[in-house]
Amino acid sequence: MANQQFDVVVIGGGPGGYVAAIRAAQLGLSTACIESDAYADPKGAVRLGGTCLNVGCIPSKALLRSSELFETANHGFAAHGITAATVKMDVATMLRRKDAIVTQLTTGIKGLFKKNKVTLLAGRGSFAGREGALWQIKVAGQDAAEVVAARHVIVATGSAPRHLDGIPVDNITICDNVGALALPAVPQRLGVIGAGVIGLELGSVWQRLGSAVTILEALPDFLAAADPAVAKEAWKIFTRQQGLKINLGVRIKSVKQTKKCVTVDYETAAGTQKLECDKLIVSVGRVPNVAGLGGDSVGLQLDERGCIAANEHCQTNLENVWAVGDVVRGPMLAHKAMEEGVMVAELIAGQAGHVNYAVIPWVIYTHPEIAWVGQTETQLKNAGIEYRAGQIPFAANGRALGQGDSSGFVRMLACARTDTILGVHIIGANASELIAEAVTAMEFGAVSEDIARICHAHPTLSEVMHEAALAVDKRALHF
Ligand code: FAD
Ligand code: NAD
């Protein structure tokens, strides 16, 4: 028999779950959100925000910023005539700053729950059956368990790092994202398995702080998901200019840990090779959190990748059971999870929730940053869609030169027949912010001429977007 009853019970308090809960409560639905002690604070209190706030987006960006400043102080000041005698890095202070930001934001979500009257239930949530129209959800807390009833359930249990057989992660020497965000000192030699988003972002952090970083990537192509022109430019900058060692087409054979170091034996086309490092990061993707959810007991279907099977409205095969974020298909991105959370809450409330999956931006927070939205040139070619491309380098932009940050370009792809913008690909300073203009334009179904005719402030980096739009029609003014 359930102790409490809600219109909506959300399982998981990450970006998908906490946003769904807040929106549902805003729409007048009685709402509870269950969060486990996975990211509990030192006193054991539950922390909201999931992977993103605790061990993902936010702490990684804090460390990226610290390491960027260190890099600039070491190598960027001289060109401005500034001499900084000795630049030192105190890793403990850097980590404390990161932790303080995490605490501030996770506490903030608790405040938002109070403000919006969302009930936080501390414990692990799982399905315990159905009585009439009400789902029974067990909440197993640290000391006791209770059952709550819900008209609607939103599963937002997120994802966990994928580990590899024979490579035991202890988050001290061999780390996934959790340990890689908390290394207490700069390792002399850092190995990374996987040249994806985490490998590049966290590899960059520790490399800027002084580690010799070697990344081992299984695929023969670098950044295969990005536009080929961007991937090519990124490869050039990261490997030749920044000295990141990235080996492609690698097959890991074994990883051995001794007191002195970690040894990775791997194979490439050139034969068997060995990498010795002091710390190893394993960043080979993430897996959906479905274990322990009791999904089997109620017949919740999974798809072929082990995610909860969901349609474009995040409906599962069970009546009034929804699933959002990393636990369902689609990119594992915090903003995608949040959009799905809002959509589902609005659909439950009888509104017309919607997510436009074709216009979800991607950002990789390396330096320079990489950002894109829409289709890549490869996807357009494969689909037989004719397009025109406009590409403008940041080196042609006064603001980028003034900032001393002029590598990369903006590349716009527009339909050859209708001029509709099909994709925008950026590698360059502030790409993460610049992409918003392209996202907005594409949401409004803009053509490249629309951006070409918009007045962009001078001197700003956004003028490169403007010029790229002009370049689609071969009428760039400053290049
Ligand atoms: P999660 O954030 O994983 O949250 C799920 C929550 O559910 C967790 O708090 C978990 O404890 C809880 N939970 C699980 N099972 C149960 C249960 N049975 N009962 C109760 N609670 C449960 N994305 C971006 O968009 N931008 C970035 O810059 C970015 N950087 C990243 C950097 C790193 C290092 C990592 C690892 C990820 C990054 N991501 C980034 C991805 C982003 O963190 C995820 O896409 C996002 O957190 C997914 O949100 P979610 O709510 O689906 O799941
Ligand atoms: P990823 O999918 O981005 O990259 C994993 C990489 O590991 C791939 O290039 C893959 O080919 C490689 N790989 C897989 N198996 C391998 C093996 N056995 N040996 C060597 N290489 C192997 O995954 P990630 O970097 O772990 O990040 C996980 C997810 O978290 C991302 O997909 C992304 O959705 C999210 N994330 C997003 C951001 C961001 O938005 N800026 C930042 C970090 C993480």
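The following questions and answers concern ligand 2 and the salt bridges in this predicted model.

Residues are numbered from 1 along each chain as written, and chains are lettered from A and ligands numbered from 1 in written order. In this predicted model local features need pLDDT of at least 70 and side-chain atom pairs pLDDT 80 or more, while totals for chains, interfaces and linings use all residues, and side-chain values use heavy atoms, without hydrogens and water.

User: Which helix gives the most residues to the shell around ligand 2?
Analyst: The shell, taken as residues with a heavy atom within 4 Å, has 21 residues, with E201, E217, G285, M332 and V363 the closest. Among helices, which are DSSP runs of H or I with at least four residues, numbered from the N terminus, the one that gives the most, with three residues, is α6 (residues 197–208).

User: How far is the backbone N or O atom of M332 from an oxygen atom of ligand 2?
Analyst: Polar contacts here are pairs of N or O atoms within 3.5 Å, and a backbone N or O atom of I198 lies 2.8 Å from an oxygen atom of the ligand. For M332, the corresponding distance to an oxygen atom of ligand 2 is 2.6 Å.

User: Is E201, which pairs with K61, buried or exposed?
Analyst: E201 and K61 form a salt bridge (a side-chain nitrogen of Lys or Arg within 4 Å of a carboxyl oxygen of Asp or Glu), with closest N and O atoms 2.8 Å apart. K61 is partly exposed at 24% relative accessibility, a class between buried (under 20%) and exposed (over 50%), with a 1.4 Å probe and protein chains only. With a relative accessible area of 5%, E201 is buried.

Key: A polar contact is a pair of N or O atoms within 3.5 Å; within protein, one must be able to donate a hydrogen and the other to accept it, and residues adjacent in sequence count only if both atoms are side-chain atoms. Helices (H or I, at least four residues) and strands (E, at least two) are DSSP runs, numbered from the N terminus.
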